[in-house]
Amino acid sequence: MRVYRPMPMRRRPTVTVVIPHFNYGQYLPTAVGSALDQRGLDVEVIIVDDRSTDGSTEAARRIASADERVTLVEHEQNMRHIRTYNDGLSRASGDYVVLLSADDALTPNSLTRSVALMEAHPRVGLVYGGVEWFHGELPAARGGRGWWQVWGGDEWTARLVRRGRNAVVNPEAVLRRSVYEATGGYNPDFPHSADMYMWLQAAAVSDVGFVAGPRQAYYRDHGQNMHSTEHGGLLDDMAQVLGVYERFFAHDGAVIRRAPGLIRTAKRSVAREALLRGALLTADGAPTEVLVQMQDFARATAPEIVRSAVWRWAELTAQDGAPARLVGSVENLRWKIRSRRHLEVGL
């Protein structure tokens, strides 16, 4: 990983921001306004309305009619999120592309910072950064001077393998359009993890950058996007992350010199992550069946995990009293430290 001081752009690049939209009319003006509030770039916004049913399409029409930089695509039938993403991105003409959910937003000049990094480093095909989670109104985002980090694609992939989970939230991610086109778009086989698969594909053909310091996007937490933290969807999420690693190293990542070792590491990392998430949820009051599910998944994914310290640690949550409370306290602290580290250095 190399660290660089930010540099100004020498030209005025073009960026296409695709905003998939379904029944989010109340959030849409904020998302569109944030995308257009970027210095030194020519930004076009493509709203793709996926057959909204609550009148939100009218809000999208008003926004598009008021600004020639905004285009509205209206689906005649609901195509679900993956096909909607790919439809919008297939219409992009900018040098760089962004997929921004209608309930999220970009911070002022975040695209300027990301694009400046890629303009200065032509081998970088994917840039991301820190994200501010919020409820209700947009908070003031951390600004100020920052720095750039750049990994070689294989180096970044190896780090993501050791992590065992996604590193990019999504609204802050900017792709070089040529790299996006090389990925073939969002893969419908992974409805919950298609973005992670795409980041790995991008790293297979390009370097990866991180804008450290200022926050790059806002992620709205409104109770309907908590799939990954609810125990009902945890097993499905972990299975999809495992599937992403397996598919990647069988195809795009097969040419990586250390691919056989990396997939073994990926399985151990996913198994460890499943145990830690199961332990955290159980310690916080989820039924013990959640931990049993995660143990079964972890054992099937990496059989040697049953002899590890993390396995014994997770089993403490099945005990009443102090052991479970200790696990809960430590794991909650671990998640806070992980979140802080991710905001500052990306991995």
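**Second largest pocket**

I began with the second largest pocket of this predicted model, for which I noted a volume of about 370 Å³. I then asked which residues lie nearest the centre of this pocket. Of the 17 residues that line the second largest pocket, Pro6, Met7, Arg39, Arg113 and Trp148 are the ones nearest its centre. Looking at the secondary structure around it, I found that helix H4 (110-120), strand S8 (147-151) and strand S10 (207-220) are the elements that give two or more residues to this lining. Sorted by class, the lining of the second largest pocket holds 10 nonpolar residues, 4 polar ones and 3 charged ones.

**Confidence**

Before going further I looked up how sure the predictor was, and I wrote down a mean pLDDT of 93 for the protein chain, with 97% of its residues at 70 or more. The stretch I marked for caution is residues 226-230, over which pLDDT stays under 50, although the model does give these residues 9 contacts beyond four places in sequence. My reminder to myself is that predicted coordinates should not be read in detail where pLDDT is low.

**The cavity**

Next I turned to enclosed space, and a search of the whole structure gave 1 cavity of 30 Å³ or more. The volume I recorded for the largest cavity is about 70 Å³. Which elements each supply at least two residues of its lining? They are strand S5 (96-99), strand S9 (174-176) and helix H7 (194-205), and S5 gives the most, with 3 residues. Among the residues that line the largest cavity I listed Leu89, Asn170, Leu175, Tyr186, Met198 and Trp199. By class this lining divides into 11 nonpolar residues and 1 polar residue, with no charged ones.

**Nonpolar cores**

I then looked up the largest nonpolar core, which has 57 residues. The residues with the most contacts inside this core include Tyr128, Trp156 and Tyr186, and I followed Tyr186 first. Leaving aside its neighbours within four places in sequence, Tyr186 is in contact with Ile82, Tyr85, Asn86, Leu89, Leu99, Asn170, Ala194, Asp195, Met198 and Trp199. Apart from the largest core lies another one, of 35 residues, and I noted Val15, Leu41, Leu100 and Val150 among its members.

**Trp151**

My next stop was Trp151, which is found in strand S8. Is Trp151 buried or exposed? Trp151 is buried, because its relative accessible area is 1% and anything under 20% counts as buried. Not counting residues up to four places away in sequence, Trp151 touches a list of residues that includes Met1, Arg2, Tyr128, Trp156, Arg159, Phe210, Val345 and Leu347. For a sense of distance I also looked up Ala60, whose C-alpha atom is separated by 38 Å from that of Trp151, at 91 residues apart along the chain.

**Helix H1**

For helix H1, which spans residues 28-36, I wrote down the buried residues as Leu28, Ala31, Val32, Ser34, Ala35 and Leu36. As background for reading such a list, an α-helix has 3.6 residues a turn, so residues three or four places apart point the same way. The buried residues of H1 pack against strand S2 (14-21), strand S3 (42-49), helix H2 (56-66), strand S4 (70-74), strand S6 (105-106) and H4.

**Loop residues**

I closed with residues in loops, beginning with Asn23, which lies between S2 and H1 and has a phi near 60°, a positive value in a residue other than glycine. Asn109, in the loop between S6 and H4, likewise is not a glycine and has a positive phi of about 65°. With a relative accessible area of 16%, Asn109 is buried.

Gly144 sits in the loop between strand S7 (124-134) and S8, and I entered it as exposed, since its relative accessible area is 62%. The C-alpha atoms of Gly144 and Val255 are separated by 40 Å, the two residues being 111 residues apart along the chain.

Val169 has its place in the loop between helix H5 (153-163) and S9. Why does Val169 count as partly exposed? Its relative accessibility is 23%, and partly exposed covers the range between the under 20% of buried residues and the over 50% of exposed ones. Not counting residues up to four places away in sequence, Val169 touches Val131, Asp195 and Tyr219. Val169 and Val18 are 151 residues apart in sequence and 16 Å apart in space, C-alpha to C-alpha.

Key: Residues are numbered from 1 along each chain as its sequence is written. This is a predicted model: local features need pLDDT of at least 70, side-chain atom pairs count only at pLDDT 80 or more; totals for chains, interfaces and linings use all residues. Side-chain values use heavy atoms; hydrogens and water are left out. pLDDT is the predictor's confidence in each residue, from 0 to 100. Contact means heavy atoms within 4.5 Å. A nonpolar core is a set of buried Ala, Val, Leu, Ile, Met, Phe, Trp, Tyr and Cys residues joined through side-chain atoms within 4.5 Å. Buried means under 20% relative accessible area, exposed over 50%, partly exposed in between (1.4 Å probe, protein chains only). On a 1 Å grid over the protein atoms alone, a cavity is a set of points where a 1.4 Å probe fits but cannot get out, and a pocket is an open set with protein on both sides within 12 Å along at least five of seven lines; lining residues have an atom within 4 Å of a point. Grid points are joined across faces, edges and corners, and a volume is the space filled by probe spheres set on the points. Helices (H or I, at least four residues) and strands (E, at least two) are DSSP runs, numbered from the N terminus. Ala, Val, Leu, Ile, Met, Phe, Trp, Tyr, Cys and Pro count as nonpolar, Asp, Glu, Lys and Arg as charged, and the others, Gly among them, as polar.
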